[in-house]
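Colleague: I am new to this one. Could you walk me through it, one question at a time?

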Amino acid sequence: MTLRRLQLFMAFAFTVMADPVSSVAYAIESTLRGLKGDLATLFPTMAAVIAVIAIVSATYDHLIQRFPSGGGGPQGVAAAFGEDWAFIPLGALLVDFTLTVAVSCSAGASALIAYAPGLEPVRILLALTLVVLVAGVVLLGQSGRVAFAIATQLFILLAAAVIGSALLGDPDRAGASHAATAPLVSDAALVPLALAIPLGMALATGVEAPSNAIAQLAQLDDATRRTFGRWTLWLMVGIVGALTVGFAAAAVRLRTGLPPEDSTLLAEVARGSIGDGRAFAAFQAMSALLLLSAAASSYLAGSGVLRALATLGANGQGLVPHAFGRINRFLVPEWGVSLVLVAAAILVAAGGSEQRLVPFYAVAVFASFLAATVGCARLSWREGRWGRLALNLLGALLVAMVLAVNATRVDGVVALLASAAVAAYLWQVWVSRGRPTGVAEAGAR
């Protein structure tokens with residue numbers, strides 16, 4: 001790989017993985033809350049989450065190999081069952097992008113509050129300000145995507161330092177004595193673990209991103225796009241997995257339980273690891289920047305899907321109003337960004353804290369995962385690829401189990417109904433306009 005090609009890969013890979021890497025900031029805490037603060041069960045639960053993500057990622061690896069021009073889940077479902085079914089993952093992704101903006105900006109506000117607790121009384125206002133601020137930056141163009149990649153890399157480096165210090169240092173310093181020592185791996189109760197896993201699945205958002213985002217690499221040939229997509233996918237799984245189990249192990253070793261209202265689990269782990277000085281300030285600042293980068297990426301992705309849907313059909317009738325197909329002078333679909341902005345702002349105003357929003361999060365995208373894994377399974381069956389078929393079916397089974405657990409929660413049902421409503425609306429418009437082709441390609445962004 002030439003130096004220029006390597007630079008392009010690094011920029012692409014670390015931009016794409018901003019969303020899943022940033023979810024480490026709130027997914028581990030959400031899981032611990034689901035476990036009622038039981039540190040003894042945290043590590044095995046997070047390890048199980050990463051294992052499920054790796055199995056689901058195998059299906060997306062297959063999608064990248066099949067569709068090197070992008071499209072991911074919608075392409076796979078359309079190829080397996082017809083374009084009618086592509087609306088299931090499309091509806092889920094649109095809901096997921098909006099939730100990503102809301103959760104990321106709320107988590108960004110939490111990261112700032114953890115450093116400056118005096119901001120706690122204006123939490124909702126601060127989060128709403130970040131929602132608007134990120135939208136404004138996005139509307140000025142996509143040059144900031146390089147900054148996303150840099151923010152992701154810096155966060156990974158700082159996180160590695162925090163984890164290393166926590167695991168190798170003295171666990172009794174910096175006030176790390178909140179509870180009795182908990183073993184890293186214990187005889188975890190199966191029911192609490194199973195109920196907490198769906199909360200940890202917020203880490204899975206972004207798994208589909210490489211299979212969609214390779215569409216942006218139009219200057220490369222199919223073979224190179226496949227390489228970029230697959231390497232990005234597995235690098236992402238490796239980094240997210242390492243950070244997740246690392247922070248979970250650090251929380252257990254430092255005996256860091258549920259954080260106070262004006263802090264976060266990651267902030268408390270960082271305090272116990274590196275203290276309250278400049279290093280802590282840098283870690284919190286980079287956490288907030290990474291979260292805002294993830295929000296910006298979802299603004300662009302959501303508006304890109306809406307733009308594609310607005311221009312479908314031979315006559316460009318589209319499935320959503322033509323306004324969503326327009327771009328400003330910075331080549332950004334401003335109406336799409338505005339819609340995501342309004343929807344995310346409503347969610348933030350209703351929830352305020354990312355921990356209130358996380359139970360809704362990762363539910364919609366799992367509907368997309370189920371469609372993708374089942375679609376890939378059918379394609380593997382047709383082609384007689386039995387090894388792939390087994391992985392696809394295992395992924396579908398695990399995803400279905402997570403969705404079943406989510407269906408026992410009101411917030412999970414609400415998220416699924418929202419995804420279904422969006423999909424049903426788009427399908428109805430599509431049928432009324434003569435079933436124009438190109439629906440599956442709308443997922444490529």
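What follows is a set of short questions and answers about this predicted model.

Colleague: What is the mean pLDDT of the protein chain?

Modeller: The model is predicted, so each residue carries a confidence value from 0 to 100. Of the residues in the chain, 93% reach 70 or more. The mean pLDDT is 89.

Colleague: Over which residues is the pLDDT below 50?

Modeller: One stretch falls below that value, although it has 14 contacts in the model beyond near neighbours in sequence. Where pLDDT is low, the predicted coordinates should not be read in detail. The stretch covers residues 174–181.

Colleague: Is Asn392 buried or exposed?

Modeller: Asn392 lies in helix α17, residues 386–406. Leaving out residues up to four places away in sequence, Asn392 touches Thr59, His62, Thr373, Cys376, Ala377 and Ser380. Its relative accessible area is 0%. Buried means under 20%, so Asn392 is buried.

Colleague: How many disulfides does the structure hold?

Modeller: Take two cysteines as examples. Cys105 is buried, at 0% relative accessible area. Cys376 is also buried, at 0% relative accessibility. A disulfide needs two cysteine sulfur atoms within 2.5 Å, and the number of disulfides in the structure is zero.

Colleague: Which residues does Ala166 touch, not counting residues up to four places away in sequence?

Modeller: Ala166 is found in helix α8, residues 145–168. With a relative accessible area of 1%, Ala166 is buried. A contact needs heavy atoms within 4.5 Å. On that basis Ala166 touches Ala250, Arg253, Leu254 and Ser273.

Colleague: How many Å apart in space are Ala166 and Arg271, C-alpha to C-alpha?

Modeller: Along the sequence, 105 residues separate Ala166 and Arg271. Ala166 is in helix α8, while Arg271 lies in helix α12. From C-alpha to C-alpha, their separation in space is 9.6 Å.

Colleague: Which residue forms a salt bridge with Arg271?

Modeller: Arg271 is buried, at 18% relative accessible area. Its partner lies in helix α12 too, three residues apart from it, about one turn of the helix. That partner is buried as well, at 15%. The closest N and O atoms are 2.7 Å apart, and the partner is Glu268.

Colleague: Of Arg33 and Glu29, which is buried and which is partly exposed?

Modeller: Their side chains meet in a salt bridge, 2.8 Å from N to O. Both residues lie in helix α3, residues 24–34, four residues apart. Partly exposed runs from the 20% limit to the 50% limit. At 29%, Arg33 is therefore partly exposed; at 2%, the buried one is Glu29.

Colleague: How many residues apart are Glu383 and Arg66?

Modeller: Glu383 forms a salt bridge with Arg66, with the closest N and O atoms 2.6 Å apart. The pair links distant parts of the chain: Glu383 is in helix α16 (residues 363–383) and Arg66 in helix α4 (residues 39–66), and the separation is 317 residues.

Colleague: Is Arg66 buried or exposed?

Modeller: Its partner Glu383 counts as partly exposed, at 43% relative accessibility. Arg66 has 18%. The limit for buried is under 20%, so Arg66 is buried.

Colleague: How many salt bridges does the structure hold?

Modeller: The pairs above are among them: Arg33 with Glu29, Glu383 with Arg66, and Glu268 with Arg271. For the structure, the count is nine.

Colleague: Which residues form a nonpolar patch on the surface?

Modeller: One member sits in helix α6, residues 87–115. That member, Ile88, is partly exposed at 34%. A patch residue needs over 30%, so Ile88 passes that cut-off. The patch has about 330 Å² of accessible area together, and its members are Phe81, Trp85, Ile88 and Val374.

Colleague: Which residues is Glu261 in contact with, leaving aside neighbours within four places in sequence?

Modeller: Glu261 sits in the loop between α11 (222–253) and α12. At 61% relative accessible area, Glu261 is exposed. Ala116 is 145 residues from Glu261 in sequence and 12 Å away in space, C-alpha to C-alpha. The contacts of Glu261 are Glu120 and Arg123.

Notes:
Residues numbered from 1 in each chain as written. Predicted model: local features only at pLDDT ≥ 70, side-chain atom pairs only at ≥ 80, totals over all residues. Heavy atoms only, no water. Helix = DSSP H or I, 4+ residues; strand = E, 2+ residues; numbered from the N terminus. Buried < 20%, exposed > 50% of the residue type's maximum accessible area, 1.4 Å probe, protein only. Patch = residues over 30% accessible without salt bridge, like charges linked within 9 Å, V, L, I, M, F, W, Y side chains within 5 Å. Areas by Shrake-Rupley, 256 points an atom, 1.4 Å probe, with all protein chains shown as cover. Salt bridge = Lys/Arg side-chain N within 4 Å of Asp/Glu carboxyl O.
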